[in-house]
Amino acid sequence: MTRYLRYLVPLAIFALLVALLFRGLSLDPKIVPSPLVGKPIPTFTLTRLDNPAVTISDADFKGKVSLLNVWATWCVSCRREHETLVQLAKTGQVEIYGLNYKDNREDANRWLAQLGNPYVANAFDSDGRVGIDWGVYGAPETFIIDREGIIRHKHIGPLTIEILNEEILPLVAKLKS
Amino acid sequence: MIPELGHLALILALSLALVLAIFPMIGSLNNTPGWIALARPAAWGQFFFIAIAFGCLVSSFLNDDFSVVYVAQNGNTLLPPVYKVSAVWGAHEGSLLLWVFILSGWTVAVSLLARHLPAVVLARVLSVMGLVSIGFLSFLLFTSNPFARVFPVPLEGGDLNPLLQDPGLAIHPPMLYMGYVGMSVAFSFAIAALIGGRLDAAWARWSRPWTTVAWMFLTIGITLGSWWAYNELGWGGWWFWDPVENASFMPWLAATALIHSLAVTEKRGAFKRWTVLLALLAFSLSLLGTFLVRSGVLTSVHAFASDPARGLFILIFLCIVIGGSLSLYAARAPSVTSGGRFDGFSRETLLLGNNLLLVIVTAFVLLGTLAPLIYDALDWGKISVGFPWFNRMFVIFTPFLVVLMGMGPLTRWKHQDPADLARQLRVALLISLGGGILAALPLLHEGSVWAGLAVMLSLWIVCSLLLSLRQRLRYRKGLAGLWQDLGAKGSGSYYGMVVAHFGVAVFIIGVTFVMQYNVEKDIRLSPGESTELAGYTLRFDGVQARQGPNYRADRGTVHILKGEREIALLQPEKRVYTVQTKPMTESGIDVGFTRDIYVSLGEGLGNGDWSMRLYYKPFIRWIWFGGLLIAIGGLLAASDRRYRIAVRDRVPASAALGNDGLIANGGS
């Protein structure tokens, strides 16, 4: 009997694989809680979007609670999200930094001039290399960073007023206190 | 009109695939010569109609027929004609069409070149290929029709993804598919042999050249893909362990195990069950790769349009093809007799070791590729498995493989005296150890243990190959003797092995040196300014705007000087393609035998200043050169005279065997 069972092993492995793949079809690989949550922000140095002569780095995030918003002009959802960010900036509750991701400097500055600039400063990541270190899957994404420069939360997809009120601002308030 | 013609041709091809999969198979089981005879005409008809469909899609692209959705998405009037043709396989629907086109091509090739096979066996092989073809043709017609129309007709097309507008990528997918789909031949031979219940040396001999050719294409495809990534992605990498790359690498590993195992089955009649399982595995992994790439269960930098409905279709197809073949294996394998006996130390055992290692590595790559999915499915959270994990695994297993690779060719079949082998290999061991230690010491370069290991492994391969050559040519004199030997029966296999193994040695040096001694520099330069890189002076002479056929470009000028002498002029570009407005880097590379200098433009920083990324990449060419040698080795092995002699010899024998439903026992 065992003589015959041995030849069923490949089939059994395949059956397991099929079960896994079938499960995989109903999962969305794009929903990714960042492995960076709870870890310090990755070190980086990039030029500022509005001024290539000035750099911005991970050191700028120390000592305050802030948001880092990953955006690009080619990203349609970012346009949808932008108004929310502008409103949030007006309330002055938290400093918003931007990571301009795989974009073009001219276009990005024009976008800010037209739609309003909610950012304290923008880091210009033209080839998305720093984005890779931050585990960016696609724009828009928003990170919440605490005083010690540790990432506390990551939101994937455009921010809305509801998400701000339920998810982002309560955490910001908690981190500030 | 033309798109409808293409669509109709695909439907007719599907009908013929049904005929091919059903009638010859049933005919071979109940001995109906008329049904068996249907196999070849059905295979030809299928090829004919798929060729028409393929031609129709090419013509729609060349004529910018944007009423076809697929053309509207991937074509453009400004696209150079070459890329209009390669745009056919630039996205999902068209690449599937290319896939079935190549599959039907392989089917026709088998029907023409394997005429020496008994009619029953040939009918079964073609029939199984027809079955695979049904799956892909219905996938194409029911979920991904490339000929679907759109109204109103767009005025201009969405253009081919700029990343794909490169000669390397224009030919990379066809080569890769030739390899993937070619594995279906080995698969079909295996299924036919399992159905007939005769797994023997003749079966191994028939499927061997086909497997080798498919493996050669897969090697070329993977090498080209790596070369393209290096040229086009602008950060000097040549392999990313991306799911899509792994999808091509796993069948390659399994096929590498298969071609070695086939050698044992052909020469010694051993490992039959194992060989047949590897043949099923190699093709199954090709199909699995397709599933992973097309279904969207894994995220990848290769952004294909993925779709769960398509994923479900392929999954069901996988269950039928792989599940069915493994069930057949489970039913038939127990009755297969074990072949030639061999001792604990013999070429058979070494090849078994090679097979086990390759299968383990394949399993690890599969595990690494699926790990994110496994974690997700079991709710363990999300992970991503990256570079370090895969690299570590290769560093662990490669040395063992290489040690066996050096011993294998010098070891006898059946029985080898270990002391005797050790005596022969003593010189190789000394030279490789010595060379390795020298390379590890900081004499020329800064020292590196890894470089030392790489040199040691490569020298081990090269020395043992030289010893094996000396042994083979010991009764022949000089160059004339070598020439004589090259023409001998069986020499193709032997010299193919020598060239391919030498390719591995070259590849190991390339990979290790480029990883150890790579120099990388991010810098901001003003026009006229110079910088040093690994002993070279790079002078930046500013950037000019340039208009391409379908893009605007900023072209930088960088002079490379060694001392006072200018040795190269590089013109890296930053392109923006008019339609997709996606910035693309076209690197400037000074190619060299022992090093590349690689410049890619970053951003214009005002006042003519640019940020730039500079690389010094020692020995990187050796990676692709090694890949090329491995592929050439495959070509040599497949062109061995003995397969052609076998063709001529066996024609009367197979005619005499008639339709008794058994595989002719060619023996060996």
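A residue is buried if 20 or more other C-beta atoms lie within 10 Å of its own, exposed if 12 or fewer, and partly exposed in between, the C-beta atoms being placed from the backbone. This is a predicted model, in which local features need pLDDT of at least 70 and side-chain atom pairs count only at pLDDT 80 or more, while totals for chains, interfaces and linings use all residues. Residues are numbered from 1 along each chain as its sequence is written, and chains are lettered from A and ligands numbered from 1 in the order in which they are written.

Q: What makes Ala534(B) partly exposed?
A: Ala534(B) has 15 other C-beta atoms within 10 Å, so it falls between the two limits and is partly exposed. Ala534(B) lies in the loop between strand S2 (530–533) and strand S3 (536–547) of chain B; strands (E, at least two residues) and helices (H or I, at least four) are DSSP runs numbered from the N terminus. Its phi is near 45°, a positive value in a residue other than glycine.

Q: Why is Phe619(B) called buried?
A: The count for Phe619(B) is 24 other C-beta atoms within 10 Å, and the limit is 20 or more; Phe619(B) is therefore buried. Phe619(B) belongs to the loop between strand S10 (610–618) and helix H19 (621–638) of chain B. Although not a glycine, Phe619(B) has a positive phi of about 60°.

Q: Why does Trp483(B) count as exposed?
A: Trp483(B) has 10 C-beta neighbours inside 10 Å, and 12 or fewer suffice, so Trp483(B) is exposed. Its place is in helix H17 (residues 478–486) of chain B.

Q: What makes Asn607(B) exposed?
A: With 10 other C-beta atoms within 10 Å, Asn607(B) meets the limit of 12 or fewer and is therefore exposed. Asn607(B) is in the loop between strand S9 (595–604) and S10 of chain B. Its C-alpha atom is separated by 9.0 Å from that of Pro527(B), 80 residues apart along the chain.

Q: Why are H15(B) and H16(B) called roughly antiparallel?
A: Helix H15 (residues 418–440) and helix H16 (residues 449–472) of chain B pack at about 155°, with axes 7 Å apart. Axes are lines fitted to C-alpha atoms, for helices over the stretch in contact, and angles run from 0 to 180 degrees between N-to-C directions. Angles under 35 degrees count as roughly parallel, over 145 as roughly antiparallel, 65 to 115 as roughly perpendicular and the rest as oblique. The angle of about 155° is over 145, so the pair is roughly antiparallel.

Q: What residue classes make up the contact of H15(B) with H16(B)?
A: The residues of this contact divide into 17 nonpolar, six polar and no charged. Ala, Val, Leu, Ile, Met, Phe, Trp, Tyr, Cys and Pro count as nonpolar, Asp, Glu, Lys and Arg as charged, and the others, Gly among them, as polar.

Q: How do you know that H16(B) is roughly antiparallel to H18(B)?
A: The axes of H16(B) and helix H18 (residues 491–517) of chain B come within 9 Å and cross at roughly 165°. That angle is over 145, so H16(B) is roughly antiparallel to H18(B). By class, the contact of H16(B) with H18(B) has 16 nonpolar, four polar and one charged residues.
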